[in-house]
Amino acid sequence: MAQLAQFSSLEALTNMSSSISGFIKNQSANQMFNGSALIGKRIPVANTPALLTEGGKIDAEVDLPQGADGITISVIDSQGREVTKMAAGAQQAGTMRFSWGGLDDAGNPLAPGNYSFKADAVIDGKNAQVPVSTMTTVQSVIVNPDNTVSLEVDGGKTILMSQITRITG
C-alpha cells in the first residue's frame, strides 16, 4: 500500500513538472510574440553609438533624477575624437531629450558614420558624468536560455526587454 502511495505521489509530481514546463514554454512564446511587436520601433539604449546618415540626425536622452545646474554633451566620432559640444543650462529632474543634426562647431556637416555621446553635468555643485541613451531601432527578438527576452538593436547590441523605458514609433 505504501508503494502505491509513493507511485501516486511520484506521478503527481511528474505531471506537475510537465505542467510547469509547459507554462514556462507558453510564457516564453507570449514574450516572443510581444517582443515581435517592437521590431522597427525605436528605444533608448544607454552608452550605444548611433548611426548618422547623410543629412540625418541622432535623437538621444539623458536621465537626470536630481536635475542639473548645467550639462555639456560631447559628440564623439568612431575614432574617439570629440567633434562638437552642446551646452544646456539648468535642467529639472527627469529626462532631457535632445537631437544632434550632424554638424560640427562651425556648422559644417560631418561624414555619415557612428557617433557616441558623453554628458558631463553639474549636480549639487559637483561635476558628474551621466549616461546618454541614443534612440536605436529594434531589429530582432531573442529568447534567452533563462527564458528572458532580449531585443537586438542597430549595431548588434542586445538589451533585456525588461530594461526598456520608452518606445517610439
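The following paragraphs look at the aromatic pairs of this structure and then at the surroundings of one aspartate, in a model that is predicted.

The aromatic side chains offer a convenient place to begin, and the count of aromatic pairs here comes to three. In one of them, the ring centres of Phe98 and Phe117 are 5.5 Å apart and the ring planes stand at 80°, so this pair is classed as edge-to-face, given that planes over 60 degrees apart fall under that heading. Because Phe98 belongs to strand β6, which covers residues 94-100, while Phe117 belongs to strand β7, which covers residues 113-123, the pair ties together parts that lie 19 residues apart in sequence. Both Phe98 and Phe117 are buried, and these two residues form one aromatic cluster together with Trp100 and Tyr115.

Between these two strands, in the loop that runs from β6 to β7, sits Asp104, and its side chain can be followed to the backbone of that stretch of chain. A polar atom of the Asp104 side chain lies 2.9 Å from the backbone nitrogen of Ala106, and the backbone nitrogen of Asn108 is found 2.8 Å from a polar atom of the side chain of Asp104.

Which residues does Asp104 contact once its neighbours within four places in sequence are left aside? They are Val83, Thr84 and Leu110. For Val83, which is 21 residues away from Asp104 along the chain, the separation between the two C-alpha atoms is 5.9 Å.

Definitions and conventions
Residues numbered from 1 in each chain as written. Predicted model: local features only at pLDDT ≥ 70, side-chain atom pairs only at ≥ 80, totals over all residues. Heavy atoms only, no water. Phe/Tyr/Trp six-rings, centres within 6.5 Å; stacked < 30°, edge-to-face > 60°. Helix = DSSP H or I, 4+ residues; strand = E, 2+ residues; numbered from the N terminus. Buried < 20%, exposed > 50% of the residue type's maximum accessible area, 1.4 Å probe, protein only. Contact = heavy atoms within 4.5 Å. Polar contact = N/O pair within 3.5 Å; in protein donor to acceptor, adjacent residues only side chain to side chain.
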